[in-house]
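User: Please pick one part of this model and look at it closely. Describe it step by step, in plain words, for someone in the first year of study.

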Amino acid sequence: SGIPGSGTNTTRITTGAADDRTNLYLSTDRIGIGDDAPNQILGIKGTNAQVVIEEDDTAFLRLGVGESDGTAVIGYDDGDKLQMGVYSSPTDTSIAPYVTIDSAGNVGIGTIVPAYELTLSASDGPTLGLWTTNSDITNSNVIGEILFLGNEGGTAFSGAAIKAVAT
């Protein structure tokens with residue numbers, strides 16, 4: 001199986017270099033860049049393979065396999081926001097943003113202007129839900145907690161905690 005030049009509906013475009021990442025494979029319903037057997041419509045294979053979508057060198061989005069082992073990355077230029085949300089159609093030009101990450105790394109849920117590392121906003125007051133999957137909860141069991149941690153002189157410490165106790 002795979003695409004490499006043997007099928008009647010397959011084309012292989014190559015520079016002739018030994019490095020397979022320079023090869024482009026086209027079949028009836030798949031495109032492979034450095035990948036002679038893509039398992040999706042577009043397959044890109046190579047060391048630290050990434051895709052960049054850019055308007056110019058200062059407005060871009062990169063995603064792919066990270067430069068460090070065991071990482072996947074979504075990155076954007078450091079002067080903009082990354083927004084995740086909903087478009088009403090493929091041609092809609094206005095996103096309804098649900099999550100925003102600004103250039104300082106602040107995350108906003110329900111706001112496009114997060115004021116803190118994590119900002120939750122909703123017109124009727126934001127709700128943060130924490131669930132446990134433990135089905136054996138009895139009275140007085142701690143079912144969750146929020147820890148307030150710090151680092152003083154290189155030593156980590158727990159400053160305070162809010163605990164939820166089953167009643």
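Analyst: Two strands pair if DSSP finds at least two bridges between them. Helices (H or I, at least four residues) and strands (E, at least two) are DSSP runs, numbered from the N terminus. The model is predicted, so to speak of local features requires pLDDT of at least 70 and side-chain atom pairs count only at pLDDT 80 or more, while totals for chains, interfaces and linings use all residues. Residues are numbered from 1 along each chain as its sequence is written, and side-chain values use heavy atoms, with hydrogens and water left out.

The part chosen is the sheet built from strands 5, 6 and 7. These 3 strands lie in the order 5-6-7 and form an open sheet with antiparallel pairing. Strand 5 (50–56) and strand 7 (72–76) are the edge strands, each paired on one side only. From one strand to the next, the twist averages 5 degrees (axes are lines fitted to C-alpha atoms, for helices over the stretch in contact, and angles run from 0 to 180 degrees between N-to-C directions).

Start with strand 5. Strand 5 and strand 6 are antiparallel and are joined by 6 bridges. One of the pairs can be located by name: Val51 has Leu63 in strand 6 as its bridge partner. Between strand 5 and strand 6 there are 2 residues, and the two strands form a hairpin.

Now move across the sheet. Strand 6 (residues 59–65) is joined to strand 7 by 5 bridges, and these strands run antiparallel. Leu63, already met as the partner of Val51, stands opposite Ile74 in strand 7. Leu61 stands opposite Tyr76, also in strand 7. Strand 6 and strand 7 form a hairpin too, with 6 residues between them. Gly70 is in that turn and has a positive phi of about 75 degrees.

Residues of this sheet also take part in the largest pocket. A pocket is found on a 1 Å grid over the protein atoms alone: where a 1.4 Å probe fits, it is an open set of points with protein on both sides within 12 Å along at least five of seven lines, and lining residues have an atom within 4 Å of a point. The volume of the largest pocket is about 190 Å³ (grid points are joined across faces, edges and corners, and the space filled by probe spheres set on the points is counted). Strand 5 and strand 6 each supply at least two residues of its lining. The lining is made up of Ile53, Glu54, Glu55, Ala59, Phe60, Leu61, Tyr76, Asp77, Asp80, Lys81 and Leu82. Leu61 and Tyr76, which stand opposite each other across strands 6 and 7, are among these lining residues. By class, the lining has 6 nonpolar, no polar and 5 charged residues (Ala, Val, Leu, Ile, Met, Phe, Trp, Tyr, Cys and Pro count as nonpolar, Asp, Glu, Lys and Arg as charged, and the others, Gly among them, as polar).

Lys81 also appears in the lining of the second largest pocket, with Gln83, Tyr87 and Ile95. That lining divides into 2 nonpolar, 1 polar and 1 charged residues, and about 160 Å³ of space lies in the second largest pocket.

Another sheet can be set beside this one. Its 4 strands take the order 8-9-10-11 and form an open sheet with mixed pairing. Strand 8 (82–86) and strand 11 (118–120) each have a single partner strand, so one side of each has no neighbour in the sheet. Here the twist averages 20 degrees from one strand to the next. Strand 10 (residues 107–109) pairs with strand 11 in the parallel sense over 3 bridges, and Val107 has Leu118 in strand 11 as its bridge partner.
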